[in-house]
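Subject: Structure for your review

Dear colleague,

Please find below the structure that I agreed to pass on to you. My findings follow it, arranged by topic.

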Amino acid sequence: MSTPTDTRQDVFTTQWQHWHDAHEKLRSDPHGFLAVTDLHWLTADPAEFAGAPGRWRVADDAVHLTLDAGESLLRDGVELNTPEALNADGELVFGPIAERDGFNLGYGQSVLELAKRGGEYILRPRDPNNALLRHYRGTPSYAPDEQFALAATYVPFRQPRETTVGAAVEGIAHVYQAPGQVKFKINGQELELTAFNGSAPGTFQVLFTDQTSGGTTYAANRSLTFAAPEDGGAVSLDFNRAVNLPCAYTDLATCPLPPAENHLPVSIAAGEKTPFEREAAA
C-alpha cells in the first residue's frame, strides 16, 4: 500500500521527468548548441570562414560582411543581400552587439550565430546535420531525490558586485553583475553561492562545482536557475535541476566558469552527470 511519502515522491519524480524531457527537447533543437560546427573569432582583417558565406571583419564595434552576388543570407526570414540593405561600401553591417548577446542568421539549412563573448565578436555556424547532434543520445542524470530540493534564502548585496570569471575558452573572461547570494544548508552545513541574473526575467542563476565535479559530474561547471523571491528572501533550490552548460558537450563553447566562492565543499549527487560525449572524448 502506498503512503503519503510515496505519493509525494511520485509527484516529485513525475514533475522532474516532465521538466527533464522538455530540457532535453530544447537541447536537441536542430539549431541548438549541439549543432555548432565551428567557432570563428572575428577581427579587423577581412576573412572567409568554413560554413559561412562572404568575408567578415570588425570595425567600429560592428561586424561588416561582404557577400558575393547570388549569396543568400536571411534575418528573421528576410533576405539581406539586397541593394537596399548594403552600405556605401557594399557591406552588411551588424551591431553593435551587447556582451553575451547575439542573434542567428539563416544560411541554407544552417544558421549562423553572430554574438559577442568576452568583448570579442564570434561567428558559430549551426548545422542540423552536425554529428554531435545526430548521435546525441541524451544526458545521464541522477534519479530525482527530494533531499536535494532545498529551502534557501536569497540575500541581496547593497549594490550589485561586478564579478569577473574565467571561461571554457582560454584568453577571455566574462564579467557579471552579481546582485546577491543564496544561502542554504545541506546536512546541517551552512553554504552560500554567489548568484547572477538569469537569462529569463525574474530568475537568478548560480554556477557551481562540488565534490562530484570531475567524477560523476562535469568538472568545470554546472548551472542551476531558480525563481527570484516573490516576498522576502525565501527561494527554492532544486539541485535535481542542475544542468550542464554547452562546454560540457563541445569545445566550441565559451561558457563561464563559477566564481571561486562557488566551489562547494560537499557532494551534490543530483542533477545532470557528465555527458556521454565528454566521457568518450576523455
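Leaving aside its neighbours within four places in sequence, with which residues is glutamate 272 in contact? Please note before the answer that this is a predicted model. The contacts of glutamate 272 outside that sequence window are His23, Arg27, Thr139, Pro140, Ser141, Thr217, Arg222, Ala242, Val243, Asn244 and Tyr249. Glutamate 272 itself is found in the loop that runs between strand S15 (234-238) and helix H3 (276-281). Its relative accessible area is 1%, and glutamate 272 counts as buried because this value is under the 20% cut-off.

The chain as a whole

The chain contains three helices and 15 strands. Its C-alpha trace spans about 70 × 45 × 35 Å along the principal axes. Of the 282 residues in the chain, 45% are buried. Among contacts with a separation of 6 or more, 61% are between residues 24 or more positions apart. The exposed area of the chain is about 14,200 Å², of which carbon and sulfur atoms supply 50%. With regard to charge, there are 21 positive and 37 negative side chains, and the centres of these two sets lie 5 Å apart.

The nonpolar core

In soluble globular proteins, nonpolar side chains tend to be buried together. The largest nonpolar core in this chain has 23 residues, and Phe184, Phe239 and Ile268 have the most contacts inside it. At least two residues of this core come from each of the following: strand S10 (149-165), strand S11 (174-186), strand S12 (189-197), strand S13 (203-208), strand S14 (222-227) and S15. Once neighbours within four places in sequence are set aside, isoleucine 268 is in contact with Tyr142, Phe148, Ile186, Phe208, Asp210, Thr212, Arg222 and Phe239. Arg222 is thus named among the contacts of isoleucine 268 and also among those of glutamate 272.

Phenylalanine 94

Phenylalanine 94 belongs to strand S6 (residues 92-94). Is this residue buried or exposed? Phenylalanine 94 is buried, because its relative accessible area of 5% falls under 20%. Not counting residues up to four places away in sequence, phenylalanine 94 touches Ala62, Val63, Leu65, Leu73, Arg75, Leu80, Phe103, Leu105 and Leu114. Between the C-alpha atoms of phenylalanine 94 and valine 58 the separation is 9.5 Å, and these two residues are 36 residues apart along the chain.

Yours sincerely

Methods
Residues are numbered from 1 along each chain as its sequence is written. This is a predicted model: local features need pLDDT of at least 70, side-chain atom pairs count only at pLDDT 80 or more; totals for chains, interfaces and linings use all residues. Side-chain values use heavy atoms; hydrogens and water are left out. Helices (H or I, at least four residues) and strands (E, at least two) are DSSP runs, numbered from the N terminus. Buried means under 20% relative accessible area, exposed over 50%, partly exposed in between (1.4 Å probe, protein chains only). Contact means heavy atoms within 4.5 Å. Accessible areas come from the Shrake-Rupley method with a 1.4 Å probe; for residues, only the protein chains shown count as cover. Lys and Arg count as positive and Asp and Glu as negative; His and the chain ends are not counted. The place of a charge is taken as NZ of Lys, CZ of Arg, CG of Asp or CD of Glu. A nonpolar core is a set of buried Ala, Val, Leu, Ile, Met, Phe, Trp, Tyr and Cys residues joined through side-chain atoms within 4.5 Å.
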